[in-house]
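Reader: I have a model open and some questions about it. Can we go through the contacts and the metal site?
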There are 2 protein chains.
Amino acid sequence: MNWQDKLNKEGLRLTTPRRVVISVLEAAGVPLSPQTIHQRSLDADEEIGLVSVYRTLEMLTDLGLVRRVHGHEACLGYVLASPGHHHHLVCRSCSTAVEFSGMDDLSTLIDHIQEETGFLVDEHMLQFSGLCPQCRKRTPHHDQD
Amino acid sequence: MNWQDKLNKEGLRLTTPRRVVISVLEAAGVPLSPQTIHQRSLDADEEIGLVSVYRTLEMLTDLGLVRRVHGHEACLGYVLASPGHHHHLVCRSCSTAVEFSGMDDLSTLIDHIQEETGFLVDEHMLQFSGLCPQCRKRTPHHDQD
DNA sequence: TCCTTATTGAAAATAGTTTTCAATAAGAAA
DNA sequence: TTTCTTATTGAAAACTATTTTCAATAAGGA
Ligand SMILES: [Mn+2]
Ligand SMILES: [Mn+2]
Ligand SMILES: [Zn+2]
Ligand SMILES: [Zn+2]
């Protein structure tokens with residue numbers, strides 16, 4: 001299903017600002033902040049308002065089509081996300097972001113935590129960072145620690 | 001080692017604002033925002049500046065004595081942290097935060113991700129939320145889903 | 001007790017995000 | 001295609017969070 005249908009199905013309209021935000025995110029493939037998305041759309045001679053960037057990101061996040069990616073310190077930005085439960089792995093050198101599920105290993109961990117703490121665990125946030133294959137080549141090797 | 005020594009060891013001074021921030025965090029046991037910490041210190045008749053709260057939190061975070069806790073949407077706040085690598089589990093009802101390590105299960109997951117993606121994974125952020133034992137009792141039961 | 005300097009806090013500056021509201025344009029219907 | 005409804009836009013203002021500046025203060029070693 002294309003973007004037009006995805007939005008119309010929800011009674012939403014595929015407008016120029018929304019088209020532009022989506023295409024900037026598609027072209028980037030790395031997490032981008034609202035400001036950066038806005039700047040890149042201006043660079044592409046698409047004069048949309050920063051407010052619309054915020055509103056589009058919120059809307060797409062609600063639909064599960066975009067996801068926030070966080071670092072230890074702050075929110076790194078927004079990336080297009082495929083539907084369903086998964087997590088992101090971000091390269092600390094070039095910011096390339098890839099998705100993974102990791103369901104099986106995590107459920108083992110969650111079971112252990114529930115037993116140890118007595119908590120009922122129903123939500124989690126998990127993100128990894130490291131070096132992508134390309135950036136590993138450029139960086140001097142370290143032995144695994 | 002007490003707080004006095006922990007700070008002096010680094011050439012830092014244990015001042016009134018720092019003492020107050022620490023005692024508010026100790027009394028709370030749940031993640032608190034800078035604003036909340038400031039308000040609670042005023043409530044306790046300790047008139048410190050909000051700026052000092054920010055500066056103290058940054059300093060303690062750098063020393064690894066305090067940790068930021070995040071939700072999917074935003075930063076939930078700061079909690080005292082024991083030294084070393086671990087994660088937090090936060091109750092979505094009463095905000096109680098407990099620590100856990102989960103090293104073993106995670107390293108299995110990390111190995112899988114490294115094999116699948118070719119990334120070198122060297123950092124991660126993992127946080128769980130759910131219901132603590134007390135809050136489970138107060139809440140109508142749901143079967144595990 | 002003295003002295004050095006790390007630290008404080010009021011104020012201003014900066015940054016990020018949300019609200020408001022009249023004008024506009026998407027897309028369903030005719 | 002044209003019309004009509006209303007979801008959406010964007011400039012401006014409001015709001016909130018955080019950082020910087022700098023003269024005054026106080027921590028703690030000497
Ligand atoms: Mn998961
Ligand atoms: Mn870990
Ligand atoms: Zn990379
Ligand atoms: Zn609870």
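Reader: What does A:Gln4 do at DNA strand C?
Author: In this predicted model, a polar side-chain atom of A:Gln4 sits 3.0 Å from a phosphate oxygen of DNA strand C. A polar contact here is a pair of N or O atoms within 3.5 Å; within protein, one must be able to donate a hydrogen and the other to accept it, and residues adjacent in sequence count only if both atoms are side-chain atoms.

Reader: How far is B:Thr15 from a phosphate oxygen of that strand C?
Author: A polar side-chain atom of B:Thr15 is 2.6 Å from a phosphate oxygen of DNA strand C.

Reader: And which base atom does B:Arg55 meet?
Author: A base nitrogen of DNA strand C, 2.2 Å from an N or O atom in the B:Arg55 side chain. The elements giving two or more residues to the surface near DNA strand C are helix H1 (3-8) and helix H4 (50-62) of chain A, along with helix H2 (16-28) and helix H4 (50-62) of chain B. Helices are DSSP runs of H or I with at least four residues, strands are E runs of at least two, and both are numbered from the N terminus.

Reader: How many residues surround strand C?
Author: 19, and the closest are A:Tyr54, B:Thr15, B:Arg18, B:Ser52 and B:Arg55. A residue is near a strand if one of its heavy atoms lies within 4 Å of it. Sugar and phosphate make up 63% of the atoms of DNA strand C within 4 Å of the protein.

Reader: Which residues come nearest to strand D?
Author: Of the 19 around DNA strand D, those are A:Thr15, A:Arg18, A:Ser52, A:Arg55 and B:Tyr54. For DNA strand D, 64% of the atoms within 4 Å of the protein belong to sugar or phosphate, and the rest to bases.

Reader: What about phosphate contacts there, say B:Gln4 and B:Asn8?
Author: B:Gln4 has a polar side-chain atom 3.0 Å from a phosphate oxygen of DNA strand D. For B:Asn8, an N or O atom in the side chain is 3.2 Å from a phosphate oxygen of DNA strand D. A:Arg13 uses a backbone N or O atom, 3.1 Å from a phosphate oxygen of that strand D.

Reader: Switching to the metal. What holds the zinc ion, ligand 3?
Author: Its protein donors are the SG atoms of A:Cys91, A:Cys94, A:Cys132 and A:Cys135, 2.2 to 2.3 Å from the zinc ion. Donors are N, O and S atoms within 2.8 Å of the metal (3.2 Å for Na, K and Ca); water is not among the atoms, so sites may look incomplete.

Reader: Why put A:Cys94 and A:Cys132 together?
Author: A:Cys94 is in the loop between strand S3 (87-91) and strand S4 (97-100) of chain A, and A:Cys132 in the loop between strand S5 (120-131) and helix H6 (133-138) of chain A, so the pair ties together parts 38 residues apart in sequence.

Reader: Is A:Cys132 buried or exposed?
Author: A:Cys132 is buried, at 1% relative accessibility. A:Cys94 is partly exposed, at 31% relative accessible area. Buried means under 20%, exposed over 50%, partly exposed in between (1.4 Å probe, protein chains only).

Reader: Where is B:Asp45?
Author: B:Asp45 lies in the loop between helix H3 (34-43) and H4 of chain B. B:Asp45 has a positive phi of about 60° although it is not a glycine, and it counts as exposed at 65% relative accessibility.

Reader: What conventions apply to numbering and confidence?
Author: Residues are numbered from 1 along each chain as its sequence is written, while chains are lettered from A and ligands numbered from 1 in the order in which they are written. Local features need pLDDT of at least 70 and side-chain atom pairs count only at pLDDT 80 or more, while totals for chains, interfaces and linings use all residues; side-chain values use heavy atoms, with hydrogens and water left out.
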